[in-house]
Amino acid sequence: MLEGFVPVAAASELPPGAMKRVVVGGERTLVVNVGGDFYALRDVCGHAGAPLSTGDLVGYVIECPLHYACFDVRTGKLLSGPVSGDVATYQVRVE
């Protein structure tokens with residue numbers, strides 16, 4: 001394991017289109033598999049703190065279940081909704 005990386009799941013646990021909520025360093029984190037590429041982002045919508053892990057994932061877009069804000073899982077960028085900012089993303093390493 002490289003410094004700064006924390007094992008959270010086996011790649012086989014996350015088939016394409018799947019999401020998994022994990023806790024890393026006390027922070028809720030969402031790991032997603034989109035077409036065989038893995039991404040990690042903070043599992044908290046900035047608007048009302050809703051868990052994105054209970055929202056819908058369609059392609060690269062995750063939709064908050066509370067007020068329907070949409071974020072790009074690759075970048076954390078806000079695409080639409082009542083939120084004023086992006087969601088933090090984290091580097092992923094698959095071994």
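**Notebook: strands, a hairpin and Asp 43**

I started at Val 32, which stands opposite Tyr 39 in β3. A reminder to myself: this is a predicted model.

**Entry 1, the hairpin.** I followed the pair outward from there. Strand β2 covers residues 27-34, and it pairs with β3 in the antiparallel sense over six bridges. How many residues lie between β2 and β3 in their hairpin? I found two residues between them. Gly 35 sits in that turn, and I noted its positive phi of about 60 degrees.

**Entry 2, another partner for β3.** I then looked for further pairing of β3 and came to strand β8, residues 89-90. These two strands also pair in the antiparallel sense, over two bridges. For a residue to click on, I took Leu 41, whose bridge partner in β8 is Thr 89.

**Entry 3, past the end of β3.** Next I stepped into the loop between β3 (37-42) and β4 (56-58), where Asp 43 lies. Is Asp 43 buried or exposed? Asp 43 counts as buried, because its relative accessibility is 0% and the cut-off for buried is under 20%. I listed what Asp 43 touches, leaving out residues up to four places away in sequence. The list includes Arg 21 and Arg 28, then Thr 29 and Leu 30. Ala 50, Pro 51, Leu 52 and Ser 53 are also contacts of Asp 43.

**Entry 4, the open sheet.** After the loop I reached a sheet of four strands, in the order β4-β5-β6-β7. The sheet is open and its pairing is antiparallel. Which strands are at the edges? They are β4 and β7 (78-80), each pairing on one side only. Neighbouring strands here are turned by 30 degrees against each other on average, direction ignored. I checked one pairing in detail: three bridges join β4 to β5, residues 61-63, and the two run antiparallel. Asp 56 stands opposite Glu 63 in β5.

**Entry 5, the whole chain.** Stepping back, I counted eight strands and zero helices. The C-alpha atoms fill a box of roughly 40 × 25 × 20 Å along the principal axes. I compared the radius of gyration of the chain, 13 Å, with the value near 12 Å for a compact globule of 95 residues, and the two agree. Of the 95 residues, 32% count as buried. The chain exposes about 5,500 Å², and carbon and sulfur atoms supply 51% of that area. Lastly, I looked at contacts with a separation of 6 or more: residues 24 or more positions apart account for 27% of them.

Methods:
Residues numbered from 1 in each chain as written. Predicted model: local features only at pLDDT ≥ 70, side-chain atom pairs only at ≥ 80, totals over all residues. Heavy atoms only, no water. Buried < 20%, exposed > 50% of the residue type's maximum accessible area, 1.4 Å probe, protein only. Contact = heavy atoms within 4.5 Å. Pairing = 2+ DSSP bridges. Axes fitted to C-alpha atoms, helices over the stretch in contact; angles between N-to-C directions. Rg over C-alpha atoms; globule rule 2.2 N^0.38 Å. Areas by Shrake-Rupley, 256 points an atom, 1.4 Å probe, with all protein chains shown as cover.
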